[in-house]
Amino acid sequence: HSDGLLDFRPVVFELCALAVELNDSDCLHFSEALATATDRLEDPIYQDEPQLIAALSAACECLVDDNSLEHPLFSERIRYLAHRLEHCSHPGSAAGHPNPTLERIFVGEAQERLEAMHEALELLPPDAYAIKSAAEEIVHLAEPLELYDIIDRARLLIIRLTPAPGENLDLDIPETRDHVLDRIALLETA
């Protein structure tokens, strides 16, 4: 695999064909994960990504071992390697980095929701439901990208805007308004 992607790709396809012949679910899963990771290598953004290169190198080294198919832990090894390759092949995963394009789209959408929150606070009377709805939309936008810090902060704002039974939420009260503004500021910072 040190000769470059042009030599590497055909070997990966051969491996996929062998996995189909073996008809072993672990081998098929591994070969699919390897092919997906190889496809990602062609993207200039990710071709120098250290986690992806390390996962591909580990997979290749495991396959070069003598008697690797007969090794008692072969299935366990390739399941682990497939899992590692999959984490490197999906944006926003624990081992990889979020897709910059998706992040830019998220930031633009989140900014619109934050502006809507500020506008809702300026209404007379302030619209707590509109602020809560915008925070819920931010949660829905952040979940696929696994932006847990933003999700947690938006949920804290939602909780603050959800009055207890029998309680009235009045954003004209300075303390309540300041608390909501603080929560929005924390969300903006995230």
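Q: Why do the side chains of Glu122 and Arg177 count as a salt bridge?
A: In this predicted model, their N to O distance is 3.7 Å. The cut-off is 4 Å between a side-chain nitrogen of Lys or Arg and a carboxyl oxygen of Asp or Glu, so the pair qualifies. The bridge links distant parts of the chain, with Glu122 in helix 5 and Arg177 in helix 8, 55 residues apart.

Q: What makes Glu122 exposed or buried?
A: Glu122 has 60% relative accessibility. Exposed means over 50%, so Glu122 counts as exposed.

Q: Why is Arg113 called buried, and Glu109 partly exposed?
A: Arg113 has 17% relative accessibility, and buried means under 20%, so Arg113 is buried. Glu109, at 27%, falls between 20% and 50% and is therefore partly exposed. Their side chains meet in a salt bridge at 2.8 Å, N to O. The two residues are separated by about one helical turn because they are 4 residues apart in helix 5.

Q: How do you know that Arg113 and Glu137 form a salt bridge?
A: The N to O distance is 2.4 Å, which is within the 4 Å limit, so the pair counts. Arg113 lies in helix 5 and Glu137 in helix 6, so this bridge ties together parts that are 24 residues apart in sequence. Both residues belong to a salt-bridge network that includes Glu109 and Glu112.

Q: Why does Ser31 count as buried?
A: Its relative accessibility is 2%, and the limit for buried is under 20%, so Ser31 meets it. Ser31 lies in helix 2. Leaving aside neighbours within four places in sequence, Ser31 is in contact with Leu15, Cys16 and Ala19.

Note on methods: Residues numbered from 1 in each chain as written. Predicted model: local features only at pLDDT ≥ 70, side-chain atom pairs only at ≥ 80, totals over all residues. Heavy atoms only, no water. Buried < 20%, exposed > 50% of the residue type's maximum accessible area, 1.4 Å probe, protein only. Contact = heavy atoms within 4.5 Å.
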